[in-house]
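The following exercises ask the reader to work from coordinates to a description of local environment, sheet order and helix packing. Each task is followed by a solution in steps.

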Amino acid sequence: MHIALFVLGALVAVFLIFLLTAVITDYRPAGREVLQDRSGISSDTTEVLPDSLSVLCWNIGYGGLGDDMDFFYDGGTQVRTSRERTLANIDGIITEIRRHNPDIILLQEVDECSRRTYRINEVEMLREAFPDYHIFLGYNYKSFFVPIPLKAPMGKVASGVVLMSRTAPEEVVRWQYPSRFPWPVSMFNLKRCLLTASFRKADGGSIIIGNTHNTAYDTGNMRTAETEFIGEMTKKLRSGGIPFIIGGDWNQYPPAYTPSPDEDSNPHFSTVRLDEDLLGGTGRIIYDRQTKTLRHLNTVFGPESVLTVTDYFYVSPDIRVDTMQAIDLRFRYSDHQPAVLRIKL
């Protein structure tokens, strides 16, 4: 009896210590945070963005969600792939980005020394691979220990969205979305954000290029709040005559896209249609109508995989879009496919 009480007391103490640590270390980002350039490139003079440019957008699945993976949260069984495959995925991602040689790079799910990616610093790998790019990281997932799944917890996670550019931006800001998971789940889950970079144009005006990664597992109007936030921001930009491009993984399919029944049938993960009305008519959605950009992770990639579209751009009317192409890599390196937008200001 005494031993059982001692064991119970010890378990309660461990749980309370764990909970207290989670509260103390809980990531509490400010509503607006100016980010520092991690590239080390000195930029003493004002740089001008070229009139013609390409923007590559890619959710890289932290290098851990290649075609060999399913994922426990989406109805699969696996938590992480091997270290060797993670490194191979990151190398493949870097090679593919180099192949397109974009002016601006918008990445989602980039890990920094997380357990799920064997504490590989992917931000540093990107910095070394692209020494002529300025690089900015906005965290949207920081937890000292994610306790799920119980048999093989994800552990420490530090991850976020990355914006890279050859031209030095005037300012890069992390905007905290108003969406939030309820406590205590919020201490072990994402705090979604929008990254915006302000660039100087040749005519002296400004342009905003944004990177978004919207909520996937909505617990109640979270995606709605995020879309409204983007709508309010772009209204202000339009009223000030400032053009914009916002790309990312919206975790919603475009308004003009018609999903198959399979895309809405996964009880663990399903996308919804983006409510374009919430954007206030400030721009237009640009996506590739021929190529799917996301696969469901209830199974490894194969003929039975369910594919959909969640990766695209929202572009103001005063920007001319030349091409928009999603690149079909057969989901080799990530559960998402890259998309490349080519525009003229």
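At 35% relative accessibility, S43 counts as partly exposed. The model examined here is predicted.

**Exercise 1. Describe the surroundings of S43.**

Task: State where S43 lies and which residues beyond its sequence neighbours it contacts.

Step 1. S43 belongs to the loop that connects β1 and β2.
Step 2. The value of 35% is then compared with the limits: under 20% would be buried and over 50% exposed, so S43 is classed as partly exposed.
Step 3. With residues up to four places away in sequence set aside, S43 is in contact with H134 and A168.
Step 4. A separation can also be given along the chain and through space: S43 and A30 are 13 residues apart in sequence, and their C-alpha atoms lie 26 Å apart.

**Exercise 2. Classify S198 and P131.**

Task: Decide for S198 whether it is buried or exposed, and do likewise for P131.

Step 1. S198 is part of strand β7, residues 193-200.
Step 2. Its relative accessible area is 16%, so S198 is buried.
Step 3. The residues that S198 touches, apart from those up to four places away in sequence, are P169, E170, E171, S206, I207 and I208.
Step 4. P131 sits in the loop between α3 and β4. With a relative accessible area of 58%, P131 is exposed.
Step 5. P131 and R166 are 35 residues apart along the chain, yet 9.4 Å separates their C-alpha atoms.

**Exercise 3. Test the length of helix α2 and locate its buried residues.**

Task: Compare the expected span of α2 with the distance between its end C-alpha atoms, and name what covers its buried residues.

Step 1. Helix α2 comprises 18 residues, 83-100; at 1.5 Å a residue it should span 26 Å.
Step 2. The end C-alpha atoms are 26 Å apart, which agrees with the expected span.
Step 3. The buried residues of α2 are R85, T86, N89, I90, G92, I93, I94, E96, I97 and H100.
Step 4. A general rule assists in reading such a list: an α-helix has 3.6 residues a turn, so residues three or four places apart point the same way.
Step 5. The cover over the buried residues of α2 includes β2 (52-59), β3 (104-111), α3 (122-129) and β17 (339-344).
Step 6. After α2 comes N101, whose phi is positive, near 50°.

**Exercise 4. Reconstruct the sheet of six strands.**

Task: Give the strand order of this sheet, and state which helices pack on it.

Step 1. The order is β4-β5-β3-β2-β17-β16, an open sheet with mixed pairing.
Step 2. At the edges are β4 (134-146) and β16 (320-326), each of which pairs on one side only. The average twist from one strand to the next is 10°.
Step 3. β4 and β5 (residues 155-165) run antiparallel and are joined by ten bridges; V146 has G155 of β5 as its bridge partner.
Step 4. α2 packs on the sheet and touches β2, β3 and β17, its direction making about 160° with that of β2.
Step 5. α3 also packs on the sheet, touching β3, β4 and β5, and its direction makes about 150° with that of β3.
Step 6. β2 and β3 run parallel, joined by five bridges; here W58 is paired with L107 in β3.
Step 7. All eight of the eight residues of β3 are buried, so this strand is largely enclosed by the rest of the structure.

**Exercise 5. Characterise the packing of α2 against α3.**

Task: At what angle do α2 and α3 pack, and how far apart are their axes?

Step 1. The angle is about 35°, and the axes of α2 and α3 are 11 Å apart.
Step 2. The crossing of α2 and α3 is right-handed.
Step 3. On the α2 side, T86, L87, I90, D91, I94 and R98 meet E122, M125, L126 and A129 of α3.
Step 4. Sorted by class, this contact of α2 with α3 contains six nonpolar, one polar and three charged residues.

Notes:
Residues numbered from 1 in each chain as written. Predicted model: local features only at pLDDT ≥ 70, side-chain atom pairs only at ≥ 80, totals over all residues. Heavy atoms only, no water. Helix = DSSP H or I, 4+ residues; strand = E, 2+ residues; numbered from the N terminus. Expected span 1.5 Å × (residues − 1). Buried < 20%, exposed > 50% of the residue type's maximum accessible area, 1.4 Å probe, protein only. Contact = heavy atoms within 4.5 Å. Pairing = 2+ DSSP bridges. Axes fitted to C-alpha atoms, helices over the stretch in contact; angles between N-to-C directions. Left-handed = near helix turned anticlockwise from the far one by under 90°. Nonpolar A, V, L, I, M, F, W, Y, C, P; charged D, E, K, R; others polar.
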